[in-house]
Amino acid sequence: MTLAQQQPSALNFDCETGNYHTFCPISCVAWLYQKIEDSFFLVIGTKTCGYFLQNAMGVMIFAEPRYAMAELEEGDISAKLNDYEELKRLCTQIKRDRNPSVIVWIGTCTTEIIKMDLEGLAPRLEAEIGIPIVVARANGLDYAFTQGEDTVLAAMAHRCPDPEAAALPSTSSRPSALGSLLNFGRKSEDSATAEADYLDHPPLVLFGSLPDPVVTQLSLELKKQRIKVSGWLPAKRFTELPALAEGYYVNGVNPFLSRTASTLMRRKKCKLIGAPFPIGPDGTRAWVEKICAVMGIEPQGLAEREAQIWESLQDYLQLIQGKSVFFMGDNLLEISLARFLIRCGMTVPEIGIPYMDKRYQAAELVLLEQTCRDMGVSLPKIVEKPDNYHQVQRIKALQPDLVITGMAHANPLEARGINTKWSVEFTFAQIHGFGNARDILELVTRPLRRNQSLKELGWTNLVREDARV
């Protein structure tokens with residue numbers, strides 16, 4: 001079944017063409033530099049970009065992070081003075097001080113506006129200093145918060161080796177960290193036995209930056225079905241990027257990676273598995289089932305596994321049964337989170353989302369529609385690029401029990417007696433797989449539990465009568 005055939009028709013879509021009310025996508029550096037351990041990120045922009053990075057990631061200063069800011073002065077912007085020489089000086093210093101395996105240039109809004117030719121400069125400088133330079137555009141004019149990761153992974157996909165090149169002996173024969181963990185306890189000569197744990201199927205590569213424990217969990221879930229994950233994009237080290245070739249299967253674990261998916265299909269000729277995303281026990285089961293179906297494998301034990309997880313969540317489910325949640329739109333995780341919360345017994349009148357790729361999220365939209373039918377609730381309205389003024393008016397009319405929103409709107413809504421939760425917390429929390437469903441509900445129910453505790457203490461929300469939303 002193609003992605004176009006999977007698109008649901010009953011859901012109500014709208015686009016208000018509002019601005020992106022999200023964090024700048026250059027903030028993807030915050031998690032990517034930690035994920036790719038031998039990388040260095042160089043953000044090229046103005047002092048404003050530097051102030052944002054300093055404030056957004058200043059708490060990490062003691063970790064000696066592997067990123068830096070190349071600030072463009074007025075002279076650079078007006079006359080494009082010495083672009084190459086200045087970048088060469090900075091990258092040479094990075095090589096001398098840090099010696100990374102790859103330098104990632106993050107282009108900001110300013111580099112787009114002045115047409116700074118980063119893609120043209122990078123190959124020449126890469127040949128001169130001897131370190132791969134990957135150019136990714138993560139400007140806030142074109143991309144929402146989490147789409148910064150999408151542009152970086154799409155750029156890195158071009159650097160994934162062919163299987164023949166990956167099979168050549170390298171200077172380091174060290175196995176990957178994930179492979180070592182999945183085969184923990186086996187001797188090196190037991191590799192044939194380890195391969196026997198898997199069925200014969202085409203190579204599968206997963207893409208999306210997740211914390212290492214979550215990578216291990218998802219890989220083990222597939223291993224239980226005797227499916228082998230040939231690699232992850234990104235890998236922990238740039239030198240361990242997975243091999244890709246025509247006919248390989250790929251699957252994205254996050255809803256905001258549509259550009260990476262397109263790159264893998266068009267440039268690497270890979271086959272995309274359009275599955276729901278492994279968020280919540282329902283999504284994780286559907287994700288595993290879809291991969292098994294594509295590989296021609298009958299899944300085992302998933303219904304029991306999902307039921308066990310739902311049983312363990314009963315204490316949280318009792319808190320949110322029948323309550324409503326409104327998504328203002330921030331990190332592109334909204335569809336998956338809404339689908340999971342509807343399965344938990346909540347209602348969702350509206351899902352705001354900065355950018356909606358109906359083809360890439362087709363399977364997730366189908367599961368959302370099916371979930372609403374199973375739970376006997378009305379389908380939510382999906383609003384792309386929502387206008388915040390109109391959204392706030394709708395919130396005032398609906399009076400939802402919880403609003404999941406960006407940080408900019410949380411305090412004004414709280415001042416008017418509306419419970420909120422920062423959407424950015426779901427970006428940095430571990431929310432994928434069977435075992436992390438409890439973490440999602442911990443975040444969702446925290447403001448509800450807080451208010452319940454205040455009521456028990458005799459406190460109530462004090463809202464000024466003349467407050468206007």
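The following paragraphs lead through a predicted model, from its confidence to a sheet, two loop residues and a surface patch.

In this predicted model, local features need a pLDDT of at least 70 and side-chain atom pairs count only at pLDDT 80 or more, while totals for chains, interfaces and linings use all residues. Residues are numbered from 1 along each chain as its sequence is written, and side-chain values use heavy atoms, with hydrogens and water left out.

The chain has a mean pLDDT (the predictor's confidence in each residue, from 0 to 100) of 87, and 86% of its residues reach 70 or more. Over residues 1-9 the pLDDT is below 50, and this stretch has 17 contacts (heavy atoms within 4.5 Å) in the model beyond near neighbours in sequence. The pLDDT is also below 50 over residues 461-469, where twelve contacts are found beyond near neighbours in sequence. Where pLDDT is low, the predicted coordinates should not be read in detail.

Helices (H or I, at least four residues) and strands (E, at least two) are DSSP runs, numbered from the N terminus. Four strands form an open sheet in the order β7-β6-β8-β9, with parallel pairing, where two strands pair if DSSP finds at least two bridges between them. At the edges stand β7 (231-233) and β9 (271-272), each of which pairs on one side only. Strand β8 (residues 249-252) runs parallel to β9 and is joined to it by two bridges, and V250 stands opposite L272 in β9.

Two asparagines in loops can be set side by side, with buried meaning under 20% relative accessible area, exposed over 50% and partly exposed in between (1.4 Å probe, protein chains only). N436 lies in the loop between α21 (424-428) and α22 (437-456), and it counts as buried because its relative accessibility is 5%. Leaving aside neighbours within four places in sequence, N436 is in contact with V214, Q217, Q430 and I431. N99, in the loop between α5 (83-98) and β4 (102-107), counts as exposed because its relative accessibility is 56%. The C-alpha atoms of N99 and I131 are separated by 8.7 Å, although these residues are 32 apart along the chain.

At the surface, F23, M407 and W422 make a nonpolar patch of about 260 Å². Such patches are made of residues with over 30% relative accessible area and no salt bridge (a side-chain nitrogen of Lys or Arg within 4 Å of a carboxyl oxygen of Asp or Glu), with like charges joined within 9 Å and nonpolar side chains (Val, Leu, Ile, Met, Phe, Trp, Tyr) within 5 Å. Accessible areas come from the Shrake-Rupley method with a 1.4 Å probe, and for residues only the protein chains shown count as cover. M407 belongs to helix α20 (residues 407-415) and counts as partly exposed because its relative accessibility is 38%.
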